[in-house]
Amino acid sequence: KQYKVAVVGATGAVGEAMLAVLAERKFPVGELVALASERSAGDYVQFGNDEVMVRDLATFDPAGVDIALFSAGGSISKQYAPKFAAAGAVVIDNSSTFRYDDDVPLVVSEVNPQEARNRPRGIIANPNCSTMQLMVALKPIHDAAGIERINIATYQSVSGTGRKALEELGKQTAALLNFHAAEPEVYPVQIAFNVIPHGGDFNDNGYTSEEMKLVWETKKILGDDAIRVNATVVRVPVFYGHSEAVNIETRDKLDARAARALLEKAPGVEVVDEHAPGGYPTPVTHASGTDPVYVGRIRDDLSHPRALNLWVVSDNIRKGAALNAVQIAELVAAERA
Ligand code: A2P
């Protein structure tokens, strides 16, 4: 079967990658519909060797769409995803709008693929980028030794914020190197040559929304409400690829050597862990533009008998968003095969 696939937010940073990944993985697309706001209607986006004209979401009739990949922000998902689902499409939504609803599965393709089938509302949620790579790395360890607590600090790239943030990092860097002032627009303070301990919005409890996503989504994806998560999210002046310094406490003792052996066999994971300069993954040397979740710096925690340290790096736009969304689409397509 060939599918009529709609990409909502096709002109955005994630939408562009969705189109690229669909083409690269040869998803059976019969017809591709690129949707965005009326601002970009009439523009063209690249899909494989084709140029596809962007259409205005507001006036598009979803009848006949088989699969819709949404990445145009939460308010657009809230308004339009139910309409696409009602018209018969399976919606794969990259926003946080439906992630915590009990009747919407939250799926990482290597971790809980079976849950994609159970979608009473016709909507499957794609997890947050930081949670995504963390789950791919931690699932084999959780299965083997039972993770009780996760302590994480992230080093998140600007692409997670969208196209305007990519431009802001470029512009500020160029301005500062030319002795001009950096003007913050997307971020509250200068991002070039800086780090910002803030992702998303502030909650009443003092944590940011990006931090609480790690707490809530981890429990839902691993199906374990008992896992405790302590998170600090930091935005860094990197274009593509999120990094995470992760400390985990396990129920059963699992040493670094055993964890490494598990990770070397884990789907979607690539271990890069030589104890030498450069023998670890970074966004620029490994993750940017690639598919795997890279894990390095695997160490026993010297301060705790059942804890480990890991360094986890992945392209937040690929596995963290577009790639996983397309992998979910592949799961949906496989149901009919
Ligand atoms: P547009 O280019 O027309 O504004 P990013 O996260 O990189 O900023 O991308 C956001 C995506 O969401 C873009 O494709 C953007 O399209 C799309 N988008 C934003 N607002 C709307 C809207 N009101 N209707 C449809 N698409 C929207």
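**Domains**

I looked up how the protein chain of this predicted model is divided, and found domain 1 (3-127 + 321-336) and domain 2 (131-316). I took the centres of domain 1 and domain 2 over C-alpha atoms and noted 25 Å between them.

Next I checked where the two domains touch. I found 14 residues of domain 1 in contact with 18 residues of domain 2. On the domain 1 side, helix H8 (residues 318-336) gives the largest share, 3 residues. I sorted that side of domain 1 by class and got 8 nonpolar, 4 polar and 2 charged residues.

**Helix H3 against H8**

How do the axes of H3 and H8 cross? I read an angle of roughly 85 degrees, with the axes coming within 8 Å. An angle of 65 to 115 degrees counts as roughly perpendicular, so H3 is entered as roughly perpendicular to H8.

I listed the residues in this contact. H3 brings Cys129, Met132, Gln133 and Val136, while H8 brings Lys319, Gly320, Ala321 and Asn324. By class I wrote down 4 nonpolar, 3 polar and 1 charged for the contact of H3 with H8.

**Helix H3 against H5**

I then turned to the packing of helix H3 (residues 129-145) on helix H5 (residues 209-222). Their axes lie 10 Å apart, and the angle is about 40 degrees. That angle makes H3 oblique to H5. I noted the crossing of H3 and H5 as right-handed.

Which residues make the contact of H3 with H5? From H3 I have Ser130, Thr131, Met135 and His142. From H5 I have Glu210, Lys213, Leu214, Glu217, Thr218, Ile221 and Leu222. The residues of this contact fall into 4 nonpolar, 4 polar and 3 charged.

**The seven-stranded sheet**

I traced an open sheet of 7 strands and wrote its order as S3-S4-S2-S1-S5-S6-S7, with mixed pairing. Why is one side of S3 and of S7 left without a neighbour in the sheet? Strand S3 (44-47) and strand S7 (123-125) stand at the edges, and each has a single partner strand, so nothing in the sheet flanks the other side. I read an average twist of 30 degrees from one strand to the next.

I looked at the S3 edge in detail. S3 runs antiparallel to strand S4 (residues 50-56), and 4 bridges join the two. Across this pair, I found Gln46 opposite Glu51 of S4.

I also checked what packs on the sheet, and found helix H1 (residues 13-24) there. H1 touches strand S1 (3-8), strand S2 (29-36), S3 and strand S5 (67-70). The direction of H1 makes about 35 degrees with that of S3.

**Strands S11, S12 and S13**

My last entries follow strand S12 (residues 293-300) and its pairing with strand S11 (residues 269-271). S11 and S12 run parallel and are joined by 3 bridges. In this pair I found Val271 opposite Val295 of S12.

S12 also pairs with strand S13 (residues 307-314), in an antiparallel run with 6 bridges. Which residue of S13 is the bridge partner of Val295? I found Val312 there. I then followed the chain from S12 to S13 and noted a hairpin that joins them through 6 residues.

Notes. Residues are numbered from 1 along each chain as its sequence is written. This is a predicted model: local features need pLDDT of at least 70, side-chain atom pairs count only at pLDDT 80 or more; totals for chains, interfaces and linings use all residues. Axes are lines fitted to C-alpha atoms, for helices over the stretch in contact, and angles run from 0 to 180 degrees between N-to-C directions. Angles under 35 degrees count as roughly parallel, over 145 as roughly antiparallel, 65 to 115 as roughly perpendicular and the rest as oblique. A crossing is left-handed if the near helix is turned anticlockwise from the far one by less than a right angle, and right-handed if clockwise. Two residues are in contact if their C-beta atoms, placed from the backbone, lie within 7 Å. Ala, Val, Leu, Ile, Met, Phe, Trp, Tyr, Cys and Pro count as nonpolar, Asp, Glu, Lys and Arg as charged, and the others, Gly among them, as polar. Domain bounds come from an automatic or database domain assignment. Two strands pair if DSSP finds at least two bridges between them.
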